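I am opening a notebook on this structure. The entries below follow the order in which I looked things up.

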Amino acid sequence: MEAAREPEAAGAEAPLLWPRLLPSRMEVERALGRFTEAHVQLTACLGDGQARQAVEDAVFTLCVLMGRPSAYAAVRDATQFQQYAFPRISS
């Protein structure tokens, strides 16, 4: 398990070990929104156990959606997915 995490820790992309289905853009947006809200609450009050649990839940959801083992990679991939995977068409 540690060997699978080492390339990502060194800044390299982890190899894709299996084909993945892409998550719904709406689900990614919701999960990023929950993460952002929870992170702001936790930053405002570092000792708040409920805010910490909300951040951990949001990060777990992002890890599952994006298929990444680390919080950093999941948030990064979700942000990139939201911005670049299916750009919105401006009217």
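Entry 1, outward face of H3. I looked at the face of H3 turned away from its buried side, and found the exposed residues Gln50, Phe60 and Val64 there. I note that this is a predicted model.

Entry 2, inward face of H3. Which residues of H3 are buried? I listed Ala51, Val55, Ala58, Val59, Leu62, Cys63 and Met66. Around the axis they cover an arc of only 140°, which puts them on the same side of H3. The general rule I keep in mind is that an α-helix has 3.6 residues a turn, so residues three or four places apart point the same way.

Entry 3, length of H3. Helix H3 covers residues 49-66, which is 18 residues. At 1.5 Å a residue I expected a span of 26 Å, and the end C-alpha atoms are 26 Å apart, so the two values agree.

Entry 4, ends of H3. At the start of H3, I found a side-chain oxygen of Asp48 within 3.1 Å of the backbone nitrogen of Gln50. Just after H3, Gly67 has a positive phi of about 70°.

Entry 5, Arg68 and Asp77. I followed the chain into the loop between H3 and helix H4 (71-85), where Arg68 sits. Is Arg68 buried or exposed? Its relative accessibility is 13%, and the cut-off for buried is under 20%, so Arg68 counts as buried. I then looked for a polar partner: the side chains of Arg68 and Asp77 are joined by a polar contact of 2.6 Å. Asp77 belongs to helix H4. Asp77 also counts as buried, because its relative accessibility is 11%. Leaving aside residues up to four places away in sequence, I have Asp77 touching Met66 and Arg68. Met66 is one of the buried residues of H3.

Entry 6, the whole chain. I stepped back and counted four helices and zero strands. Read from the N terminus, the order of elements is α-α-α-α. The chain has 91 residues, and 26% of them are buried. I have the exposed surface of the chain at about 6700 Å², with 61% of it supplied by carbon and sulfur atoms. Among contacts with a separation of 6 or more, 61% are between residues 24 or more positions apart.

Entry 7, the core. How many residues are in the largest nonpolar core? I have 17, and those with the most contacts inside it are Val28, Phe35, Val55, Leu62 and Ala78. Helices H2 (25-44), H3 and H4 are the elements that give two or more residues to this core. H3 gives the most, with seven residues. I picked out Phe35 for a closer look. Not counting residues up to four places away in sequence, Phe35 touches Val55, Ala58, Val59, Leu62 and Val75.

Entry 8, helix H2. I checked the length of H2 as well: its 20 residues reach 29 Å from first C-alpha to last, close to the 28 Å expected at 1.5 Å a residue. The buried residues of H2 are Arg25, Val28, Ala31, Leu32, Phe35, Ala38 and Leu42. Seen down the axis of H2, these fall within an arc of 160°, so they line one face of the helix. On the face turned away from the buried side I found the exposed residues Met26, Glu37, Val40 and Ala44. The N-terminal end of H2 is capped by Ser24, with a side-chain oxygen 3.3 Å from the backbone nitrogen of Met26.

Entry 9, Ala31. Ala31 is in helix H2. What is the relative accessible area of Ala31? I have 0%, so Ala31 is buried. Setting aside residues up to four places away in sequence, Ala31 touches Thr61, Leu62 and Leu65. From Ala31 to Thr61 I counted 30 residues in sequence, while their C-alpha atoms are 6.7 Å apart in space.

Entry 10, Thr79. Last, I looked at Thr79 in helix H4. Thr79 has a relative accessible area of 27%, so I noted it as partly exposed. Thr79 and Val28 are 51 residues apart in sequence, with 8.4 Å from C-alpha to C-alpha. Val28 is one of the buried residues of H2.

Technical notes: Residues are numbered from 1 along each chain as its sequence is written. This is a predicted model: local features need pLDDT of at least 70, side-chain atom pairs count only at pLDDT 80 or more; totals for chains, interfaces and linings use all residues. Side-chain values use heavy atoms; hydrogens and water are left out. The expected span of a helix is 1.5 Å times one less than its number of residues. Buried means under 20% relative accessible area, exposed over 50%, partly exposed in between (1.4 Å probe, protein chains only). The arc is that of the directions from the helix axis to the C-beta atoms. A polar contact is a pair of N or O atoms within 3.5 Å; within protein, one must be able to donate a hydrogen and the other to accept it, and residues adjacent in sequence count only if both atoms are side-chain atoms. Contact means heavy atoms within 4.5 Å. Accessible areas come from the Shrake-Rupley method with a 1.4 Å probe; for residues, only the protein chains shown count as cover. A nonpolar core is a set of buried Ala, Val, Leu, Ile, Met, Phe, Trp, Tyr and Cys residues joined through side-chain atoms within 4.5 Å.
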